[in-house]
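Reader: I should like to study one protein model by question and answer. Could you please show it to me?

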Amino acid sequence: MADSKVLFRVVVEDGDVHVETLWATALGEDRYRLDNLPFYAYGVSWDDIVLAPFDATEDMATFQHVVTKTGNRTVRLLLDPPVSPGNASDDILQQLVALGCDYEGSNRVRIAVNIPADVSLDSIRQYLIARELVWEHADPTYETLFPDNPC
């Protein structure tokens, strides 16, 4: 059960920084198991174990690096229309669940999707592409998956 928060600082293209805190379970020795999906951080997924020593300036545990990957992967969606019961966006989420994924929403538009280790990332990618959705790879990142094919 989550008992802590871990701070992530994410530098975006224009140089601004998004600050995100993820729920986590303290494991000792500055290690934490992530208990929710990232909406801004890259390279981490639900259930990963991260090193996050206490930072006195931030006044909280602050991400340094991943210690153990669990095999979960994360993609993020921007849904239009906003999710409402029974609408097209809700249908997309229900289909992702049927394909073996789960998800969290930061709101009714911005959705983080967990792709478990036993679910094919390529099948989820193909589904998202076929539905012509606005989405991104968060973990692994597009650059990691396709180093020779820049956006």
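Reader: Against which elements do the buried residues of α1 pack?

Author: This is a predicted model. In helix α1, residues 88-98, the buried residues are Ser89, Asp90, Ile92, Leu93 and Leu96. Contacts from these buried residues lead to three strands and a helix: β8 (73-78), β9 (102-105), β10 (110-115) and α2 (121-130).

Reader: On which side or sides of α1 do the buried residues lie, and what arc do they cover?

Author: The residues concerned are Ser89, Asp90, Ile92, Leu93 and Leu96. An α-helix has 3.6 residues a turn, so residues three or four places apart point the same way. The buried residues are on the same side of α1 because the arc they cover around the axis is only 155°.

Reader: At the start of α1, which backbone nitrogen does a side-chain oxygen of asparagine 87 reach?

Author: The distance is within 3.2 Å, and the oxygen belongs to the side chain of asparagine 87. The backbone nitrogen reached at the start of α1 is that of serine 89.

Reader: Is phenylalanine 146 buried, partly exposed or exposed?

Author: Phenylalanine 146 lies in the segment after α3 (142-145). Buried means under 20% relative accessible area, and exposed means over 50%. The relative accessibility of phenylalanine 146 is 27%, so this residue counts as partly exposed.

Reader: How much space lies in the largest pocket?

Author: Its lining has 15 residues, and Val12, Glu13, Tyr42, Glu136 and His137 are the closest to the centre. By class, eight of the lining residues are nonpolar, three polar and four charged. The space in the largest pocket is about 300 Å³.

Notes
Residues are numbered from 1 along each chain as its sequence is written. This is a predicted model: local features need pLDDT of at least 70, side-chain atom pairs count only at pLDDT 80 or more; totals for chains, interfaces and linings use all residues. Side-chain values use heavy atoms; hydrogens and water are left out. Helices (H or I, at least four residues) and strands (E, at least two) are DSSP runs, numbered from the N terminus. Buried means under 20% relative accessible area, exposed over 50%, partly exposed in between (1.4 Å probe, protein chains only). On a 1 Å grid over the protein atoms alone, a cavity is a set of points where a 1.4 Å probe fits but cannot get out, and a pocket is an open set with protein on both sides within 12 Å along at least five of seven lines; lining residues have an atom within 4 Å of a point. Grid points are joined across faces, edges and corners, and a volume is the space filled by probe spheres set on the points. Ala, Val, Leu, Ile, Met, Phe, Trp, Tyr, Cys and Pro count as nonpolar, Asp, Glu, Lys and Arg as charged, and the others, Gly among them, as polar. The arc is that of the directions from the helix axis to the C-beta atoms. Contact means heavy atoms within 4.5 Å. A polar contact is a pair of N or O atoms within 3.5 Å; within protein, one must be able to donate a hydrogen and the other to accept it, and residues adjacent in sequence count only if both atoms are side-chain atoms.
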